[in-house]
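Colleague: I am new to this structure and would love a close look at one part of it. Could you set the scene briefly and then take me through a single place where two helices meet?

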Amino acid sequence: MKIHTFKYFFRDTVRSIRRNSLMSIASIVSVIAALVILGIFLVIALNIQHITQNLEDELELKVFLKQEITQEQRQDLLTLMDNDTRISSYRYESKEEALKNMANSLEKYQGILQGLEQDNPLPESYIIKIYDAEQIKEVNESMTSYKGVDYVNYGEGYVEALMRFNRFANLLSLAVLVILTGISFFIIYNTIKLTVFSRRKEISIMKYVGATNLYIRVPFVAEGAVLGLTGAILAILVVRNLYYYLLGAAMGQFSLFGGFSFASPQTILPAISIYFLVYGLVVGAAGSMFSITKFLDV
């Protein structure tokens with residue numbers, strides 16, 4: 001495309017938006033409304049994902065050693081953990097440390113722990129963290145079957161409930177995202193279609209004077225892309241300011257949410273912004289391209 005042709009299309013696009021300012025505003029508003037609703041859902045879904053990910057990062061297995069474990073078995077166990085690529089880190093907890101931790105957790109019942117320093121019944125253990133929470137059951141089976149290991153505790157019921165909730169939340173988020181994307185596409189497409197319909201006489205005149213389909217189509221597609229992008233940028237600002245406001249309002253109230261923290265704006269807003277910009281550009285351009293097609297057959 002030559003430069004002067006590009007300049008013509010650019011001027012024609014700007015002129016068309018100004019001339020049809022009312023319908024242009026309606027298109028932008030519909031994009032903003034649809035994307036803000038979609039953005040609110042995305043913020044909720046990404047925060048649920050953030051909280052469940054934090055919970056998964058806190059998961060750990062506690063491998064209790066047998067009282068009669070030999071030095072050779074202990075060394076083999078260390079080698080096994082060092083070579084297991086599913087394990088991200090581990091640390092040793094001695095009998096004395098285990099008793100101290102128990103004393104801290106039973107602060108109000110110190111009497112029942114008196115005398116245990118001389119005859120400590122608590123076993124030694126290794127506390128293991130893994131990369132992928134989905135593999136915690138496999139790691140548990142590997143450790144449980146090893147010689148020198150008495151038993152392994154990882155809160156099986158809690159972990160499986162968390163995994164089920166995480167999978168359910170991911171599937172639900174994906175389904176709702178697809179539905180809301182489809183609904184917002186339908187709203188934006190029909191608004192742009194009304195815009196094109198209101199200018200059908202203009203399109204017919206251009207056809208009768210010999211303008212090619214490409215010559216007519218390009219300014220409309222460019223106009224749709226500009227309107228979609230404008231609506232997307234304004235929707236990003238609305239969602240961004242709304243999220244900052246909610247974070248500010250929730251600050252200091254985390255205890256009400258069991259100590260959970262929300263995802264930082266820097267974590268989720270870039271992804272939402274990119275999605276909105278691509279979505280606004282594609283839906284605006286595609287909506288105009290499909291809408292104008294029927295009016296070119298004159």
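Modeller: Following the sequence, you meet the pattern α-α-β-α-β-α-β-α-β-α-α-α-α, which comprises 9 helices and 4 strands; these are DSSP runs numbered from the N terminus, with helices (H or I) of at least four residues and strands (E) of at least two. Please keep in mind that this is a predicted model, where local features need pLDDT of at least 70, side-chain atom pairs count only at pLDDT 80 or more, and totals for chains, interfaces and linings use all residues. Residues are numbered from 1 along each chain as its sequence is written, and side-chain values use heavy atoms, leaving out hydrogens and water.

Now to our spot: helix 7 (residues 200–208) packs with helix 8 (residues 213–250) at an angle of about 150 degrees, and their axes lie 10 Å apart. Axes here are lines fitted to C-alpha atoms over the stretch in contact, and angles between N-to-C directions run from 0 to 180 degrees. The angle makes helix 7 roughly antiparallel to helix 8, a term for angles over 145 degrees.

Who touches whom? Helix 7 brings Ile203, Met206 and Lys207, while helix 8 offers Asn213, Tyr215, Ile216 and Phe220; contact means heavy atoms within 4.5 Å. Sorted by type, the residues of this contact comprise 5 nonpolar, 1 polar and 1 charged. Nonpolar covers Ala, Val, Leu, Ile, Met, Phe, Trp, Tyr, Cys and Pro, charged covers Asp, Glu, Lys and Arg, and polar covers the others, Gly among them.

Notes: Angles under 35 degrees count as roughly parallel, over 145 as roughly antiparallel, 65 to 115 as roughly perpendicular and the rest as oblique.
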